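Open your viewer and get a selection box ready. This tour goes from one stop to the next, saying what to pick and what you will find there.

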Amino acid sequence: GKTLRMVLGDQLSRDLSALRDADPEHDVIVMAEVWDEATYVRHHKKKIAFIFAAMRHFAAGLEAEGFTVDYRRLDADDDAIASFTDALRAAVERHGADRIVVTEAAEWRVLAMQQGWADLFGIQVDVRLDDRFIASHADFARWADGRKALRMEYFYREMRKATGYLIEDGGPAGGQWNFDADNRAPPKDGLDFPERPDWTVDETTREVLDLVGERFGDHFGDLEPFAYPVTRRQALHYLNWFVEHALPDFGTFQDAMVTGAALMFHSHLSALINVGLLDPRECCERAQKAWRDGAVPINAAEGFIRQIIGWREFIRGVYWRNMPDYGDSNALGATRDLPDWFWSGETHMNCLRQAITETKENAYAHHIQRLMVIGNFSLLAGLDPKQVQEWFLIVYHDAYEWVEMPNVVGMALYADDGLFASKPYASSGAYIDKMSDYCGSCRYRVSVKNGPKACPFNYLYWNFLIENRETLAGNRRMGMMYGTLDRMSGDKVEAVRDDAARFFRGIAEA
Ligand code: FAD
Ligand code: DLZ
Ligand code: SF4
């Protein structure tokens, strides 16, 4: 009998554990565009198009190698196929298979399906580890077990030692593990951002864009222009381009936000890494080489490598340790509905307008926009964590539950009561004003603290501290802010409360 090797939409790596020993003579590769995956949330049109286009190109590459690929298009005639399980059942019958090989899914939901297949089909199913991640589940458990608090920084140091990246003479290159202090420069006038590589849309991608336009036309976001890499070759080109042209300034301006510059010096690689077109190790190795060659400063190379072997791996570890209940976390009891302008960008708060509009256009916003503008607002306004999670899962092209959930629940919303963040990332308008050029053209005044003209972040910040005193006042890192709050006059506190109440009444038009 045949062996089926099923490859999911975020497993597009030729070196995938399920494909490594594949044999064109005896094996059939199964891939499927299925309704359940395309609609379990109403993904951004660009996100679906990217995944389908990358899947189709990947399948074509395997065929060129001589493999039989049983690839099911979403618009195939047989519309009985809704899920991975349906697609696989049909393939088992069609090919008379007696064995299935898969790589563990990145999401809990899909791994549970994979684990049910052996019983369901009555044949052998090998679920292999996904060694595209550098830390295995066992590695993370070994590090995390027995620790009271999980801190990325300590995990990251272990990862540096394990990979040897930026290690010299047994210690961190440059004498420090972390150069984050050098990576907080505000934007300055006349910053020049490098122009991104672009590709003409080929026939395969054109077909996908037409399909997505037809079937998902009512989903959030702009489908075109579509200019993202969809093949391994394009992805490598994009990586090399990044290392040469943007990485040198990546560190210094990592936290800055500039109107009209959606990508700045960011890598824009997350979606390529998450679907498997790029390997996280090769990204780090190129950054390390550029530093060794003297082409990029240490704060850039270290900052970039930390995001990948530190944050990305750490976030995945947190996800698997806390599933399946992690998504229900709501430590601050937040219940407010998302305002409609989360879907349109039509708000007078210019920082949110810019970040959401760019998200609509590109299915992308960079980290500080996600965390300190959209995330910070969601935190201060007490938006329902479930709704915020769903929004983040829908709108970004790199969004898969394993990475979206801890970033939203733990990092942005503090809904897990500080499982890995030592305090909430809450801030007033002053932070946004310092790190961006947004406030100058905002209807609200960032320097005004109270009243209808005031920047809402200013009074919502204090209102947030007041409302969550019970949960947060015991946090030592919040002590100073609660000290300040306690010295506020009764009038000032009342003004904060009144402003917040007025804001929430009119939030739809804010
Ligand atoms: P760069 O700034 O160039 O960073 C380099 C790489 O490091 C990224 O490509 C990414 O692979 C990795 N990385 C950086 N930060 C993180 C992080 N916090 N967690 C995991 N990986 C990280 N990232 C996703 O990939 N998918 C998501 O769904 C997602 N949702 C997020 C939601 C919120 C509320 C926040 C605050 C962050 C989220 N992130 C998510 C993390 C981060 O914002 C994005 O990875 C990053 O903005 C992608 O852009 P880039 O490739 O230009 O990143
Ligand atoms: C996100 C996504 C979408 C939109 N569509 C598909 C699909 O049709 N077929 C597929 O194999 N994968 C898709 N994906 C990615 C999967 O949701 C992802 O592989 C699982 O969530 C496991 O992490
Ligand atoms: Fe955002 Fe406030 Fe600045 Fe307006 S004034 S852009 S709302 S931080």
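Before the first selection, a cut-off: a residue counts as buried if 20 or more other C-beta atoms lie within 10 Å of its own, and as exposed if 12 or fewer do. Keep in mind, too, that this is a predicted model.

**Stop 1: helix α2**

Select residues 45-64, which form helix α2. How many of the residues of α2 are buried? The count is 16 of 20, so by the cut-off of 20 or more C-beta atoms within 10 Å this helix is mostly covered. Now check its length: at 1.5 Å a residue the 20 residues of α2 should span 28 Å, and the end C-alpha atoms lie 29 Å apart, which agrees. Just after the helix, click on G66, where phi is positive, near 105°.

**Stop 2: the largest nonpolar core**

Keep α2 highlighted, since this helix gives the most to the largest nonpolar core, with eleven residues. That core has 151 residues, and V30, A54, L247 and A287 touch the most other members. Pick A287 and show its surroundings: leaving out residues up to four places away in sequence, A287 touches V243, L247, A301, F304 and I305. L247, one of these partners, is itself among the four core members with the most contacts.

**Stop 3: the domains**

Next, colour by domain. The assignment gives domain 1 as 2-128, domain 2 as 137-194 plus 246-322, and domain 3 as 341-509. Put a centre on domain 1 and another on domain 2, using C-alpha atoms, and the two lie 31 Å apart. Where these two domains touch, domain 1 supplies nine residues and domain 2 supplies six. On the domain 1 side, the residues facing domain 2 split into five nonpolar, three polar and one charged.

**Stop 4: ligand 1**

Select ligand 1 and expand to its shell. Which residues come nearest to ligand 1? Of the 28 around it, they are H266, S267, S270, Q307 and A399. Helices to highlight here are α10 (270-275), α12 (298-322), α15 (367-380) and α17 (401-412), each of which supplies at least two residues of the shell. By class, the shell around ligand 1 has 14 nonpolar, ten polar and four charged residues. With the domain colours still on, look at where the ligand sits: domain 2 and domain 3 both give residues to its shell, so ligand 1 lies between them.

**Stop 5: ligand 3**

Move on to ligand 3, which has 14 residues around it; M349, C351, C439, C442 and C455 come nearest. Two or more residues of this shell come from each of α14 (350-362), α18 (429-435) and α19 (456-467). The largest share, three residues, belongs to α18. Colour the shell around ligand 3 by class and you will find eleven nonpolar residues, two polar and one charged.

Stay here and centre on C455, in the loop between α18 and α19. Is C455 buried or exposed? With 25 other C-beta atoms within 10 Å, C455 is buried. Beyond residues up to four places away in sequence, C455 touches G429, Y444, R445, V446 and V448. Try a distance as well: C455 and S428 are 27 residues apart in sequence, yet 8.5 Å apart in space, C-alpha to C-alpha.

**Stop 6: backbone details**

Two cis peptide bonds deserve a click. One joins E224 and P225, with omega about 0°, and P225 lies in the loop between α7 (203-215) and α8 (232-245). Another joins M323 and P324, with omega about 5°; P324 is in the loop between α12 and α13 (341-344).

Then turn to phi. D169 is not a glycine, but its phi is positive at about 50°. D169 sits in the loop between β6 (167-168) and β7 (171-172), and is exposed, with 6 other C-beta atoms within 10 Å. D417, another residue other than glycine, has a positive phi near 60°. Look for D417 in the loop between α17 and α18, where it is partly exposed, with 14 other C-beta atoms within 10 Å.

Key. Residues numbered from 1 in each chain as written. Chains lettered and ligands numbered in written order. Predicted model: local features only at pLDDT ≥ 70, side-chain atom pairs only at ≥ 80, totals over all residues. Near = placed C-beta within 6 Å. Helix = DSSP H or I, 4+ residues; strand = E, 2+ residues; numbered from the N terminus. Nonpolar A, V, L, I, M, F, W, Y, C, P; charged D, E, K, R; others polar. Domains from an automatic or database assignment. Contact = placed C-beta atoms within 7 Å. Core = buried A, V, L, I, M, F, W, Y, C linked by C-beta atoms within 7 Å. Expected span 1.5 Å × (residues − 1).
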